[in-house]
Amino acid sequence: MKIYIDTEFIEAPNHLELISIGMVKPTGDTYYAISSEFDPNRASDWVKENVIQLLETDIERKTVAVIKEDIVAFIGYMIPQFWAYFASFDWVLIQWMYGGMSKLPYNFPMYCRDLKQEIDRLQFPPEYFPENKNKHHALSDAHWNRALHLKLMEYERKAGTGM
């Protein structure tokens, strides 16, 4: 089962701090959470302006422990195939939330597939990218990742048929 993911985070040397996370299944089912544990004072001005300032105020924030439990419940017992755009930080952050790669839930793979690498592999033209009207919102970006992956698969199918 494919799970399209995105996180928003505070980044500093040797430090990643979850702000929000979005996940989308192929069925359209979603998971979205905002952490109650991030320190906005550690964020760069860019993150404050483009991520934190735009967070919904009517969504109850959750601890990372609750978010971890929610993610396991959202994914269930299926073996997920995680996909993200520029996945490195997203995947490291998710692994850190669980205490490291070796402590991921038993059914999680130890890696995430990267849509940017697929773009490069397929030489996918930027003009074919889907529109994302709400960049740097974790759930919106997870939806965008799903839409992008669908376009990439269609592009590869057409290329394989000589179109």
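Guide: A nonpolar core is a set of buried Ala, Val, Leu, Ile, Met, Phe, Trp, Tyr and Cys residues joined through side-chain atoms within 4.5 Å, where buried means under 20% relative accessible area, exposed over 50% and partly exposed in between (1.4 Å probe, protein chains only). This is a predicted model, in which local features need pLDDT of at least 70 and side-chain atom pairs count only at pLDDT 80 or more, while totals for chains, interfaces and linings use all residues. Residues are numbered from 1 along each chain as its sequence is written, and side-chain values use heavy atoms, with hydrogens and water left out.

Visitor: OK, so which residues touch the most other members of the largest nonpolar core?

Guide: Those are Ile5, Ile21, Met23, Ile71 and Phe82, in a core of 25 residues.

Visitor: And which strands and helices each supply at least two residues of this core?

Guide: Strands E1 (2–12), E2 (15–24), E3 (30–34) and E4 (81–84) do, and so do helices H2 (64–75) and H3 (87–97); helices (H or I, at least four residues) and strands (E, at least two) are DSSP runs, numbered from the N terminus. Apart from that core lies another one, of 23 residues, which includes Ile10, Ile34, Ala43 and Ala142.

Visitor: Back to isoleucine 5, what is it in contact with, neighbours within four places in sequence aside?

Guide: Contact (heavy atoms within 4.5 Å) links isoleucine 5 to Gly22 and Met23, to Phe82, Trp83 and Ala84, to Asp90, Trp91 and Ile94, and also to Cys112, Ala142 and Asn145.

Visitor: Let me switch to valine 47, is it buried or exposed?

Guide: Valine 47 counts as buried, because its relative accessibility is 11%. This valine sits in helix H1 (residues 45–50), and, residues up to four places away in sequence not counted, valine 47 touches Phe9, Ile10, Ile19 and Ile52.

Visitor: How far apart are the C-alpha atoms of valine 47 and valine 92?

Guide: They are separated by 19 Å, with the two valines 45 residues apart along the chain.

Visitor: Now the charges, how many salt bridges are there in the whole structure?

Guide: The search finds six, a salt bridge being a side-chain nitrogen of Lys or Arg within 4 Å of a carboxyl oxygen of Asp or Glu. One of these pairs arginine 42 with glutamate 17, whose closest N and O atoms are 3.9 Å apart. Because arginine 42 is in the loop between E3 and H1 and glutamate 17 is in strand E2, the pair ties together parts that are 25 residues apart in sequence.

Visitor: Is glutamate 17 buried or exposed?

Guide: Glutamate 17 counts as buried, at 11% relative accessibility, whereas arginine 42 is partly exposed, with a relative accessible area of 44%.

Visitor: Which salt bridges sit in helix H4, then?

Guide: Aspartate 120 and lysine 116 both lie in H4 (residues 115–122), four residues apart, about one turn of the helix, and their side chains meet at 2.8 Å, N to O. Glutamate 118 and arginine 121 form another salt bridge, with the closest N and O atoms 2.9 Å apart, and these two are separated by about one helical turn because they are three residues apart in H4. Salt bridges with shared partners join Glu118, Arg121 and Glu156 into one network.

Visitor: At what angle do the axes of H4 and H5 cross?

Guide: The axes cross at roughly 25 degrees and come within 11 Å, H5 being the helix of residues 138–160; axes are lines fitted to C-alpha atoms, for helices over the stretch in contact, and angles run from 0 to 180 degrees between N-to-C directions. That makes H4 roughly parallel to H5, since angles under 35 degrees count as roughly parallel, over 145 as roughly antiparallel, 65 to 115 as roughly perpendicular and the rest as oblique.

Visitor: Which residues make the contact?

Guide: From H4 they are Leu115, Glu118, Ile119, Arg121 and Leu122, and from H5 they are Asn145, Leu148, His149, Leu152, Tyr155 and Glu156.

Visitor: Last one, what is the phi of glutamine 123?

Guide: Glutamine 123 has a positive phi of about 55 degrees although it is not a glycine; this residue lies in the loop between H4 and H5 and counts as exposed at 66% relative accessibility. Phenylalanine 86 also has a positive phi, of about 55 degrees, without being a glycine, and phenylalanine 86 is located in the loop between E4 and H3, where it counts as partly exposed at 49% relative accessibility.
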